[in-house]
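Open the model in your viewer and set it to a cartoon view, with side chains ready to switch on. We will walk through it one selection at a time.

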Amino acid sequence: MRPVGRKTMAFLTGRCMCAAVTWAYSGDTTRNLVCNCADCQRATSAPLTAFLGMRPEQLSWSGDIRHYESSPDTFRGFCPSCGTRLYFRSDRWPHEIHVHAATMTNPDDYQPDAQVFLPSRVKWLDRLPTIPTHDGFQQQPSGHQPAEPR
């Protein structure tokens, strides 16, 4: 599949962590943004949120979705089984729904074309290129006893 960016026509699919909720979309994306606003940070427990703007009439869902009204007429959808945040929708943008890019079947296909709310961007993100990287956890969790050799 070709990367999704620059408001391209696409057929996309995605799911929550436990796969109890799935989605499919066929149409132009309206936005491909990385949001740094404080509301998204709190709602996702992450320093930023990447999302795709989609037309609701071209988006289909399967499974049970719960909603949290984070501010008047603004809702955040999530899977009640695993807690995965799925989307954001608001009456301010009645003709689009903002689906989280991390829920895409192939999240590497996502290509944002803008960042927004940079004044809220957490400062420690600037340090990421200068700190050590690892392919996994660099140490065992605290209190973990290694298995005895047999």
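Begin in the middle of things by selecting β7 and strand β8 (residues 85–90), two strands that pair in the antiparallel sense over five bridges. Keep in mind as you look that this is a predicted model. For a landmark within the pair, pick R76, whose bridge partner in β8 is F88. Now follow the chain around the turn: β7 and β8 form a hairpin with six residues between them, and G83 in that turn has a positive phi of about 85°.

Next, move to the other neighbour of β7. Select strand β6 (residues 66–71) together with strand β7 (residues 74–78), and you will find antiparallel pairing over five bridges. Two residues separate the strands in this hairpin, and D73 in the turn has a positive phi of about 65°. Across the pair, R66 stands opposite F78 in β7.

Stay with R66 and show its side chain. Which residue forms a salt bridge with R66? The partner is D64, with the closest N and O atoms 3.1 Å apart. R66 is partly exposed, at a relative accessible area of 44%, and D64 is also partly exposed, at 40%.

Time to zoom out. Colour the strands by number and trace an open sheet of seven strands in the order β6-β7-β8-β9-β4-β3-β10, with mixed pairing. At its edges are β6 and β10 (114–116), each of which pairs on one side only. Turn the sheet to look along it: the twist averages 30° from one strand to the next. While you have the sheet in view, recall that in a regular strand the side chains alternate between the two faces of the sheet.

Now select β3 and strand β4 (residues 49–54), which run antiparallel and are joined by five bridges. Here V34 has A50 as its bridge partner in β4.

A50 leads us to the next stop, since A50 is among the residues in contact with H100. Select H100 in strand β9 (residues 97–100). Is H100 buried or exposed? With 8% relative accessibility, H100 counts as buried, because that value lies under the 20% cut-off. Leaving aside neighbours within four places in sequence, the contacts of H100 are T44, T49, A50, F51, R85, L86, Y87 and F88. You have already met F88 as the bridge partner of R76. Show the R85 side chain as well, and you can draw a polar contact of 2.8 Å between it and the side chain of H100.

For the last part of the tour, turn to charged pairs. How many salt bridges does the structure hold? There are three, and the one between R66 and D64 is already on your screen.

Select R31 and E96 for another: their closest N and O atoms are 2.3 Å apart. R31 lies in strand β3 (residues 31–35) and E96 in the loop between β8 and β9, so the pair ties together parts that are 65 residues apart in sequence. R31 counts as partly exposed at 24% relative accessibility, whereas E96 is buried, with a relative accessible area of 12%.

Finish at R121, which forms a salt bridge with D126, the closest N and O atoms being 2.4 Å apart. R121 is partly exposed, at 24% relative accessibility.

Technical notes. Residues numbered from 1 in each chain as written. Predicted model: local features only at pLDDT ≥ 70, side-chain atom pairs only at ≥ 80, totals over all residues. Heavy atoms only, no water. Pairing = 2+ DSSP bridges. Helix = DSSP H or I, 4+ residues; strand = E, 2+ residues; numbered from the N terminus. Buried < 20%, exposed > 50% of the residue type's maximum accessible area, 1.4 Å probe, protein only. Polar contact = N/O pair within 3.5 Å; in protein donor to acceptor, adjacent residues only side chain to side chain. Contact = heavy atoms within 4.5 Å. Salt bridge = Lys/Arg side-chain N within 4 Å of Asp/Glu carboxyl O. Axes fitted to C-alpha atoms, helices over the stretch in contact; angles between N-to-C directions.
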